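Welcome, and let us take a walk through this protein together. Keep the picture open beside the text as you read.

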Amino acid sequence: MAHGPGLTLNIVEKRFDPLATPVLDQFTLNIAPGSVVALVGPSGVGKSTILRLVAGIDRLFSGRITVDGIDADKAHPPGFVFQDPRLLPWLTAIDNIRAADGKMPQATALQALAQVGLNGYGDAYPHQLSGGMQRRLALARALAINAEVLLLDEPFVSLDRALVNEIHGLLAELVGAKRPTVLFISHLAEDAARLADRVVVLAGRPARIVDDIELPTSRQQRDGNIINGYIRRIESAASTKTGTKL
Ligand SMILES: Nc1ncnc2c1ncn2[C@@H]1O[C@H](COP(=O)(O)OP(=O)(O)OP(=O)(O)O)[C@@H](O)[C@H]1O
């Protein structure tokens, strides 16, 4: 089955303030094709920075990030879901999706809308949708460009748990069907325990990988016990290695 590309991050240095310690220094991370990797760690450690570098949105760093060997800023654009939905208020749901790619056929946008359970809401404006629906629309926009790489920055933050479970299910289904390479940030061990194949725990300034946990059981086979075991492992790694609670 086709799957998303492998990602290699060799960041020599990323800093915002020329006088302060860099956020990233000699930071290396390799992500296997088609894997789902969760980045966890304390606030301010550099998780969103890493996502923006991989997306090619932020090019101000030294080093090299590649997507199947191609420099990230020249690779096919990833699907990116930001912490806030970032919808254009003057466009309908369908046009928000199509805005991601000027050549996108209407049918593709409609299909993405259906995939996130928003059938029938194509003509609604963002203010007519609930917060959770807006979040799903943002996800549909990321999916509609048929990206082989999905970058999700706290896609579940401040959503109620029922909706999070629904979106988890949706993502697990999409990952199973399309096998994209996914890098996502979450503050909740449960998100990682349900979705990830691998959890990378970051700490410090400059950020270091202080733990790298494989979650070998396939997503479909993760029952409550397995998920709870994974949650304990991730939370314990985060608290002992980063000194903070997730
Ligand atoms: N545009 C910017 N200008 C200056 N400093 C920045 C900028 N973006 C991020 N930083 C700094 O870089 C560091 C890493 O920020 P980043 O947003 O990547 O952390 P994070 O791990 O994603 O945090 P959170 O979990 O709170 O979102 C922080 O100290 C932050 O203040």
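The domain assignment splits this protein into two parts: domain 1, covering 1-78 + 150-246, and domain 2, covering 82-146. Please keep in mind that the model you see is predicted. If you look for the C-alpha centres of domain 1 and domain 2, you will find them 24 Å apart. Where the domains meet, 11 residues of domain 1 are in contact with 10 residues of domain 2. On the domain 1 side of this meeting place, β7 (149-153) and α5 (161-178) are the elements that contribute two or more residues. The largest share of that side comes from α5, with 4 residues. Sorted by class, the side of domain 1 that touches domain 2 holds 9 nonpolar and 2 charged residues, and no polar ones.

Let us turn to the sheets. Strands of a sheet pair through backbone hydrogen bonds, and they can do so in a parallel or an antiparallel way. One open sheet here has 6 strands, and reading across you meet them in the order β6-β7-β8-β3-β9-β10. Its pairing is mixed. At the edges stand β6 (79-81) and β10 (208-214), each of which pairs on one side only. On average, neighbouring strands of this sheet are turned by 15° against each other, with direction ignored.

Which strands flank β3 in this order? They are β8 and β9. Strand β3 (residues 36-40) pairs with strand β8 (residues 181-185) in the parallel sense, over 4 bridges. To find one of these places, look at Ala38, whose bridge partner in β8 is Phe184. The pairing of β3 with β9 is also made of 4 bridges, and these two strands run parallel. Here you can spot Val40 standing opposite Val201 in β9.

Moving on towards the edge, β9 pairs with β10 in the antiparallel sense over 6 bridges. Leu202 stands opposite Ile209 in β10. The two strands form a hairpin with 4 residues between them, and in this hairpin Gly204 takes a positive phi near 90°. There is another feature to look for in this stretch: a cis peptide bond joins Arg205 and Pro206, with omega of about -5°. Pro206 sits in the loop between β9 (198-203) and β10.

A further open sheet has 4 strands in the order β2-β1-β4-β5, with antiparallel pairing. Its edges are taken by β2 (24-31) and β5 (70-71); each has a single partner strand, so one side of each is left without a neighbour in the sheet. How many bridges join β1 to β4? There are 6 bridges between strand β1 (residues 7-14) and strand β4 (residues 62-67), and the two run antiparallel. Leu9 gives you a place to see this, as the bridge partner of Leu9 in β4 is Ile65. Helix α1 (residues 47-55) lies across β1, β2 and β4, and runs at about 115° to β1.

Now look for the ligand. Which residues surround the ligand? They are Phe16, Val23, Ser43, Gly44, Val45, Gly46, Lys47, Ser48 and Thr49. By class, this shell around the ligand divides into 3 nonpolar, 5 polar and 1 charged.

One backbone detail lies elsewhere in the chain. Arg86 has a positive phi of about 50°, although Arg86 is not a glycine. You can find Arg86 in the loop between β6 and α2 (93-98).

Finally, here is what the record says. For residues 7-229, UniProt lists "domain: ABC transporter", in an unreviewed entry. Over residues 7-229 the chain is 31% helix and 25% strand, and the end C-alpha atoms are 28 Å apart.

Technical notes:
Residues numbered from 1 in each chain as written. Predicted model: local features only at pLDDT ≥ 70, side-chain atom pairs only at ≥ 80, totals over all residues. Near = placed C-beta within 6 Å. Nonpolar A, V, L, I, M, F, W, Y, C, P; charged D, E, K, R; others polar. Domains from an automatic or database assignment. Contact = placed C-beta atoms within 7 Å. Pairing = 2+ DSSP bridges. Axes fitted to C-alpha atoms, helices over the stretch in contact; angles between N-to-C directions. UniProt positions renumbered as here; feature names shortened; annotations may be inferred.
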